[in-house]
Amino acid sequence: MHYFKLYKKYLAFVVLLTFALSVPLYADGPKAAADFTLNDQAGNAVTLSDHQGKVVVLEWVNPDCPFTKRHYAPEARTVAKLAEHYKDKNVVFLAINSTHYFDQEKNKQWHDGHKLTYPVLDDHEGKVGRIYGAKTTPHIFIVDTAGKLAYQGAIDDNPYGDKAVDSVVNYIKVTVDDLLAGKTPAISETKPYGCSVKYAN
């Protein structure tokens, strides 16, 4: 029993260390983020390149996923709080739902139910998700003002949701703050965690 407890602690440490380690996003420098156009929850077309000159945070979501639910719970509102914090700072937030059984109407219900200030884009065919290689919900991609990928990976270093709030490293905030300060992001890639994206076959 003692050995099993030690093994569990060791395994948890290795997993967390893996999430926290940063590696270069690309060996030869950042690549341009693939442009796309998707409809939001109100049926409006949203095109990524229309936001060039701004920092854009792309967040893959699935309202049925427990990890998405945790980050959107009233006591957390992880991304919603950041969107409010950066609303006047040249930063755009776009949630993307590649879940095959969701549509614009369901996205609108979820968007309005959480009183989100940023759109939820319908990618139920999974085309944009596959282009970006989105694997989990959440999976974060951050585009810099030049339209290049600056970060991809986990939303934070708290996959199990068991850390004290003050000790959690939010990779969105770290990256956006670096970009707004004119710095190369200190962390460009981490391993995402969450539910697998439920793509259409």
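This passage describes the side-chain contacts of a predicted model.

The disulfide is taken up before the other contacts. A search of the whole structure finds one such link. A disulfide is a covalent bond between the sulfur atoms of two cysteines. Here the partners are C65 and C195, with an S to S distance of 2.2 Å. The link of C65 and C195 is right-handed, with 90 degrees about the S-S bond. C65 lies in the loop between strand 3 (55-60) and helix 2 (66-72), and C195 lies in strand 9 (residues 195-196), so the disulfide ties together parts that are 130 residues apart in sequence. C65 has a relative accessible area of 1% and is buried. C195 also counts as buried, at 14% relative accessibility. Both values fall on the buried side because the cut-off for that class is under 20% relative accessible area.

Charged contacts come next. Side chains of opposite charge can pair when their charged atoms come close. The structure holds five salt bridges. Three of them are described here, beginning with E84 and R77. The side chains of E84 and R77 meet at 2.8 Å, N to O. E84 is partly exposed, with a relative accessible area of 37%. R77 is partly exposed as well, at 23% relative accessibility.

K108 and D112 form another salt bridge, at 2.6 Å from N to O. Both residues of this bridge lie in helix 4 (residues 104-113). K108 and D112 are four residues apart, about one turn of the helix. K108 counts as partly exposed, with 38% relative accessibility. D112 is likewise partly exposed, with a relative accessible area of 37%.

The salt bridge of K163 with D157 has its closest N and O atoms 2.9 Å apart. Its two ends fall in separate exposure classes. K163 is partly exposed at 30% relative accessibility, whereas D157 is buried, with a relative accessible area of 9%.

Aromatic contacts were examined in turn. A pair of aromatic rings is described by the distance of the centres and the angle of the planes. The count comes to nine aromatic pairs. One of them joins W60 and F141. This pair is edge-to-face, with 5.4 Å from centre to centre and 70 degrees between the planes. The pair links distant parts of the chain. W60 belongs to strand 3 and F141 to strand 7 (residues 139-143), 81 residues apart. W60 and F141 are both buried.

F93 and Y118 make a further pair. Their ring centres are 6.2 Å apart and their planes stand at 40 degrees, so the pair is tilted. This contact too links distant parts of the chain. F93 lies in strand 4 (residues 91-97), and Y118 lies in the loop between helix 4 and strand 5 (120-122). F93 and Y118 are 25 residues apart. Both residues are buried.

Ring pairs also build a cluster. Its members are F36, W60, Y132 and F141. The edge-to-face pair of W60 and F141 thus sits within a group that also holds F36 and Y132.

A contact between a charge and a ring completes the description. K106 lies over the face of F102. The distance from K106 to the ring centre of F102 is 5.7 Å.

Conventions
Residues numbered from 1 in each chain as written. Predicted model: local features only at pLDDT ≥ 70, side-chain atom pairs only at ≥ 80, totals over all residues. Heavy atoms only, no water. Disulfide = S-S within 2.5 Å. Helix = DSSP H or I, 4+ residues; strand = E, 2+ residues; numbered from the N terminus. Buried < 20%, exposed > 50% of the residue type's maximum accessible area, 1.4 Å probe, protein only. Salt bridge = Lys/Arg side-chain N within 4 Å of Asp/Glu carboxyl O. Phe/Tyr/Trp six-rings, centres within 6.5 Å; stacked < 30°, edge-to-face > 60°. Lys NZ or Arg CZ within 6 Å of the ring centre and 35° of its normal.
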